[in-house]
Each structure stands twice: as structure tokens, then as C-alpha cells.
Amino acid sequence: VGGVGGFSFQNLGGSSNGDGTGIKAPKQALLGWSTTKQTGPLDVSVVTQLTLRDNWTAPGAGMEVGYSWIEGYYVSVRAGIRRPESGPERPFTFGAGFTADRLTVEYGVQFFEGGHTANGVTIRWR
């Protein structure tokens, strides 16, 4: 089957200001695995992640389908599902990306109760 696995540990330090009055981010571990296969002209990727914190475990998975019609140009759409961190969050996320040579623009949306959304745009120049 093949693929790539990875892990990380986060927030291992103390509070942000050192005197105990700052925000203390929870220690957590993340485990992940991904694989990509070519299906005709499309690249299909599957990604999984497991987030572990004190008394809280959150699995997640996603899929991305991408297409490149000429070297340096790439368009993709993605969808994911995960365990929400709060009650108003919905488990589904969607996104898309476009790369033209050294410029990449990505968009992602997360859904909440009442039809609310959180939208994000990333612009990267390499």
C-alpha cells in the first residue's frame, strides 16, 4: 500500500509568560499517515490523523483530488471529517487549492451551528 507516517509532540513548555498567569496550551501528541495514488490524470490522496490530549482523543481523515494539466500548474479539492473540539462545530471541512508556478492560493472552510462558517485563505510564494 505504501504511504508516509509521522508524529509530533506539541506544547511541551510552560505558560507563555513564565509567571503562571499566561495561557497554557494543552500538551498533545499527533500521529498521522498519508498516501497518494495516481488514477488516470488525477492524483488521489488519503490523509489520517489522531490527536491525543489528556482525556480527549480526536481521529480525523480527509481526501484530496488534484489535477495538473501542465508542469507547474495544479488544482485540488479536498474534504475532511474529524471529531469536533466544541459543541457548535460540525465535523466536516472542505477546501481547494491552486498552484501556478511558485504561487499557491488555498481556501478552507469549517462549519458551525446555525449556518456559521470559519473561512481561511493562505497565499504562499516560494
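This is a short selection tour of a predicted model.

**Stop 1: strands E2 and E3**

Select residues 28–39, strand E2, and residues 42–53, strand E3. The two strands run antiparallel, and 11 bridges join them. Now pick out Trp 33 and look across to E3. Thr 48 stands opposite Trp 33 there.

Move to the turn. The hairpin of E2 and E3 has two residues between the strands. Select Gly 40 in this hairpin and read its phi: the value is positive, near 65 degrees.

**Stop 2: strands E3 and E4**

Keep E3 and add strand E4, residues 56–70. E3 and E4 are also antiparallel, with 12 bridges between them. For one of the contacts, select Thr 51 and Ala 58. Ala 58, in E4, is the bridge partner of Thr 51.

Which residue takes a positive phi in the hairpin of E3 and E4? Select Asn 55. This hairpin, too, has two residues between the strands, and the phi of Asn 55 is near 60 degrees. Asn 55 sits in the loop between E3 and E4.

Most residues other than glycine have a negative phi. Asn 55 is not a glycine, yet its phi is positive. Is Asn 55 buried or exposed? Its relative accessible area is 84%, and exposed means over 50%, so Asn 55 counts as exposed.

**Stop 3: the loop between E6 and E7**

Jump to strand E6 (89–100) and strand E7 (103–112). Select Asp 101 in the loop between them. Asp 101 is another residue other than glycine with a positive phi, near 60 degrees.

**Stop 4: the nonpolar patch**

Switch to a surface view. Select Leu 42, Tyr 67, Trp 69, Ile 70, Tyr 73, Val 75 and Phe 98. Together they form a nonpolar patch on the surface, with about 620 Å² of accessible area.

Colour by element next. Strand E4 (56–70) and strand E5 (73–82) each give two or more residues to the patch. Which element gives the largest share? E4 does, with three residues.

Zoom in on Val 75, in strand E5. Val 75 has 35% relative accessibility; that lies between the 20% limit for buried and the 50% limit for exposed, so Val 75 counts as partly exposed.

**Stop 5: aromatic pairs**

Show the rings. How many aromatic pairs does the structure hold? There are five. A pair of aromatic rings is described by the distance of the centres and the angle of the planes.

Start with Phe 7 and Phe 9. Their rings are 5.9 Å apart, centre to centre, with 70 degrees between the planes. This pair is edge-to-face. Phe 7 is exposed, at 62% relative accessible area. Phe 9 is exposed as well, at 55%.

Go on to Tyr 67 and Trp 69. The ring centres lie 6.2 Å apart, and the planes meet at 25 degrees. Planes under 30 degrees apart count as stacked, so Tyr 67 and Trp 69 make a stacked pair. Tyr 67 is partly exposed, with a relative accessible area of 34%. Trp 69 is partly exposed too, at 46%.

**Last stop: the ring cluster**

Add Tyr 73 and Phe 98 to the selection. Ring pairs link Tyr 67, Trp 69, Tyr 73 and Phe 98 into a cluster. Turn the surface back on to finish: these four residues are among those that form the nonpolar patch.

Notes: Residues are numbered from 1 along each chain as its sequence is written. This is a predicted model: local features need pLDDT of at least 70, side-chain atom pairs count only at pLDDT 80 or more; totals for chains, interfaces and linings use all residues. Side-chain values use heavy atoms; hydrogens and water are left out. Patches are made of residues with over 30% relative accessible area and no salt bridge: like charges are joined within 9 Å, nonpolar side chains (Val, Leu, Ile, Met, Phe, Trp, Tyr) within 5 Å. Accessible areas come from the Shrake-Rupley method with a 1.4 Å probe; for residues, only the protein chains shown count as cover. A salt bridge is a side-chain nitrogen of Lys or Arg within 4 Å of a carboxyl oxygen of Asp or Glu. Helices (H or I, at least four residues) and strands (E, at least two) are DSSP runs, numbered from the N terminus. Buried means under 20% relative accessible area, exposed over 50%, partly exposed in between (1.4 Å probe, protein chains only). Two strands pair if DSSP finds at least two bridges between them. Rings of Phe, Tyr and Trp (its six-membered ring) pair if their centres lie within 6.5 Å; planes under 30 degrees apart count as stacked, over 60 as edge-to-face and the rest as tilted.
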